[in-house]
Amino acid sequence: MDYDKLIAPAAREMRPSGIRKFFDLAADMPECISLGVGEPDFKTPWAVREAGIESLEHGRTRYTANAGLKELRAEICKYLERRMNLHYDPMTQVLVTVGGSEAIDMCIRTIVQPGDEVIIPEPCFVCYEPITTLSGGVPVHVPCRQEDEFRLKPEALKAAITPKTKLLIMPYPNNPTGAVMEQADLEAIAEVLRDTNVMVLSDEIYAELNYGLRPHVSIATLPGMAERTIVVNGFSKSYAMTGWRLGYACGPAPIIKIMTKIHQSAIMSAPTTSQYAAITALRECDGEIDKMRDEYNMRRRLVVHGFNSMGLTCFEPRGAFYAFPCIKSTGMNSQEFCTKLLEQKHVALVPGDAFGASGEGYCRVSYAYSVEHLTEAMKRIRAFLQENGISTGE
């Protein structure tokens, strides 16, 4: 069989994840400290685990409705109204998905046709581009700069829009930079979009993890934006439920209807046990979110101070659980820096270019790890710089 001819070109040309590459390398080093994966080190709150166990004990193991349990969709709407000032009809405007990643996939597949342009601010999470190209869309990358705190600027967005533009992805709070968009920033973006037919995919999976900006502001809350915005969120980050694989999308009913139809054929329904557990998460665990955020905030300050003190400039991330230090002063590119650090000091970070070309010269550091691990990792990074003749500010 000639598999090269059988495999779809768009699938063959997809880049492998730069995140997983270094995670897999680190897995073969027992003494390695990996700060590479964006996964909370907290356990899922006990009340949530208990609800999942109870659902199994009662034999609730059948398929749910394609869009998700009605009770869960209702709780999602109550949560979004309570925490984000977002208002949706649980029967027509909510789709429960297998993680936020599936919600992103369903949204892009619903909206993007071959030749449509999708604007993607960079640096950004790795999935947006390949899903776009698999749908026949054309990714249009808009670099966001450290001097702008990695925020999308309205003039840059305006310059990127063409008659072929169909969708803007808004990945804030941002992975990998930790950047946020405040209300004034979002209003400027909304003003650019109002005279266009461009839809918005607002990936708000880190909405609860922002520091000093409570509450999170969604672009969908701004005048005229709800009708053109699909909000994606989920349970992985806020509730430490990565392995439960549960997310959701909310937006205009005609869009959610088609997303649900695709989901029905591709997935059927999200995991039943996870859905029952998520109901309890939404009802009872606001306090758990706040506790985890406070802990991340302490770790955030530790990591940012550590990098700045050793001469690797790190702007203050105000969302998610990542720092994005600049390593240009070392004279190494992102791949070289992270590879040498892993080989010499057994610390795994993710090269910035894994998140797009504008991430070159940086690396992503997840601080969703214990203070002990973070402190030891910072010591090893400082030693790595010193042993390679790079000034550490001491």
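Me: How should one describe Phe150 and Tyr362, as buried or exposed?
Reply: Relative accessible area decides this: under 20% is buried, over 50% exposed, and in between partly exposed, with a 1.4 Å probe and protein chains only. Phe150 and Tyr362 are both buried. The model is predicted, so local features need pLDDT of at least 70 and side-chain atom pairs pLDDT 80 or more, while totals for chains, interfaces and linings use all residues. Residues are numbered from 1 along each chain as its sequence is written, and side-chain values use heavy atoms, without hydrogens and water.

Me: How many aromatic pairs does the structure hold?
Reply: Rings of Phe, Tyr and Trp (its six-membered ring) pair if their centres lie within 6.5 Å; planes under 30 degrees apart are stacked, over 60 edge-to-face, and the rest tilted. There are 13 aromatic pairs in the structure. Phe150 and Tyr362 form an edge-to-face pair, because their ring centres are 5.7 Å apart and their planes lie at 80°. This pair ties together parts 212 residues apart in sequence, because Phe150 is in the loop between strand S4 (138-143) and H8, and Tyr362 in the loop between strands S11 (350-351) and S12 (363-366).

Me: Which residues do ring pairs link into a cluster?
Reply: The cluster joins Phe42, Tyr206, Tyr296, Phe321 and Tyr322.

Me: Where is Ala159 found?
Reply: Helices (H or I, at least four residues) and strands (E, at least two) are DSSP runs, numbered from the N terminus. Ala159 belongs to helix H8, residues 154-160. Ala159 counts as exposed because its relative accessibility is 68%. Between the C-alpha atoms of Ala159 and Val142, 17 residues apart along the chain, the separation is 9.4 Å.
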